[in-house]
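Me: I'd like a close look at one part of this model, taken slowly. Please keep it chatty, but give me the cut-offs as you go.

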Amino acid sequence: HNPTDFALDICMEPLAVRGGFEVDARQGMAALAAQLEERDQTLARDGAVAEQHEQAAKGGARGGTLERRGSELIEGQYPSSWWQQFCALLQRSWLHNRRHPVSFYAALGRSVSMALLVGYLFSSARRLDQASVQTRTGAIFFMLVNQVFSAQASMRVFLEDRSVFLRERLSRAVMPTVYFVAKSTAEVPLQILFSLVFCTLVYPLVGLQLTLSRWLTFTMAMT
């Protein structure tokens, strides 16, 4: 049967049962119409709210454009300068990292475990033969890929603070560029520390040249 005709047949029944009581079909049609009207009003209200938020976001983006005059940066419609916002957000990011050390210990444990795992998988590279050269090449490639994906873990801070960023942006408290630069700067020392731990552990395990200059070159490339 046609689903539309089936629905109309149900609506046009002389009697409809609801909650164990028989009611007139006219009352059922009126209730259905009221529900549809209420749904349309809700959708219209939600659409108006979403449009207001979008206009406010566009206004915030226009207000945050920077105009260069000589050597000064003039921020439109922002109560504080670019540098003041950067310092405040950087300090807040550092305090957040100190008050929530779980993510720090998790990232440190990940660096140590990955270094031990790579050292175990490529332990045969410590031999001095042609096969070990190919093994070292694969080990270095694997370590580079690991460092790239480990650095992407810092993107979690933007996901965690997304609601805070949207609220502050709508209120014109911070600029998006300042927020990104401050958060990234706060994560740089931690990423350098994790890279140092990883490189210090994995370098002798894989059997690379045990000289200070070689180790520094390797660490700088991995960082």
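By class, how many nonpolar, polar and charged residues are in the lining of the largest pocket?

Reply: Before the count, some ground rules: this is a predicted model, where local features need pLDDT of at least 70 and side-chain atom pairs count only at pLDDT 80 or more, while totals for chains, interfaces and linings use all residues. Residues are numbered from 1 along each chain as its sequence is written, and side-chain values use heavy atoms, with hydrogens and water left out.

Now your count: the lining of the largest pocket has 9 nonpolar, 9 polar and 3 charged residues (nonpolar is Ala, Val, Leu, Ile, Met, Phe, Trp, Tyr, Cys and Pro; charged is Asp, Glu, Lys and Arg; the others, Gly among them, are polar). The pocket's volume is about 310 Å³. A pocket here is an open set of points on a 1 Å grid over the protein atoms alone, with protein on both sides within 12 Å along at least five of seven lines, and a lining residue has an atom within 4 Å of a point. Points are joined across faces, edges and corners, and volume is the space filled by probe spheres set on them.

In total 21 residues line this largest pocket, and Gln147, Ser150, Ala151, Gln191 and Ser195 are the closest to its centre. As for who supplies the wall, helix H4 (102–121), helix H5 (130–151), helix H6 (156–160) and H8 each give at least two residues (helices are DSSP runs of H or I, at least four residues, numbered from the N terminus). The largest share, 9 residues, comes from H8.

H8 is worth following, then, starting with its packing against H5. Their axes are 12 Å apart and the angle is about 160° (axes are lines fitted to C-alpha atoms over the stretch in contact, with angles from 0 to 180 degrees between N-to-C directions). H5 and H8 are therefore roughly antiparallel (over 145 degrees; under 35 is roughly parallel, 65 to 115 roughly perpendicular, and the rest oblique). On the H5 side the contact uses Ala139, Met143, Asn146, Gln147, Ser150 and Ala151, and on the H8 side Gln191, Ser195, Phe198, Val202 and Val206 (contact means heavy atoms within 4.5 Å). The class split there is 6 nonpolar, 5 polar and no charged residues. Gln147, Ser150, Ala151, Gln191 and Ser195 turn up in that contact, and you met these five at the pocket centre.

Ser195 also shows up where H8 (residues 176–206) meets H9 (residues 212–222): Ser195, Leu196, Cys199, Thr200, Val202 and Tyr203 in H8 touch Arg214, Trp215, Phe218, Thr219 and Met222 in H9. That contact sorts into 7 nonpolar, 3 polar and 1 charged residues. The two axes come within 10 Å and cross at roughly 135°, which means H8 is oblique to H9.

Next comes the second largest pocket, with a volume of about 200 Å³. Of its 16 lining residues, Ser103, Phe104, Arg156, Leu190 and Phe194 lie nearest the centre. Helix H3 (82–99), H4 and H8 give two or more residues each, with H4 giving the most, 5 residues. The lining splits into 7 nonpolar, 5 polar and 4 charged residues.

Leu190 also sits in the contact of H8 with H3. The axes of H3 and H8 come within 8 Å and cross at roughly 40°, so the pair is oblique. Among the H3 residues involved are Trp82, Phe86, Ser93 and Asn97, and among the H8 ones are Tyr179, Lys183, Ala186, Glu187 and Leu190. Overall this contact has 12 nonpolar, 5 polar and 3 charged residues.

Some of those names return in a cavity, a set of points where a 1.4 Å probe fits but cannot get out. The count is 1 cavity of 30 Å³ or more, and the largest cavity has a volume of about 60 Å³. Lining it are Ser93, His96, Asn97, Val157, Asp161, Lys183, Ala186 and Glu187, with H3 and H8 as the elements that give two or more residues. By class that lining has 2 nonpolar, 3 polar and 3 charged residues.
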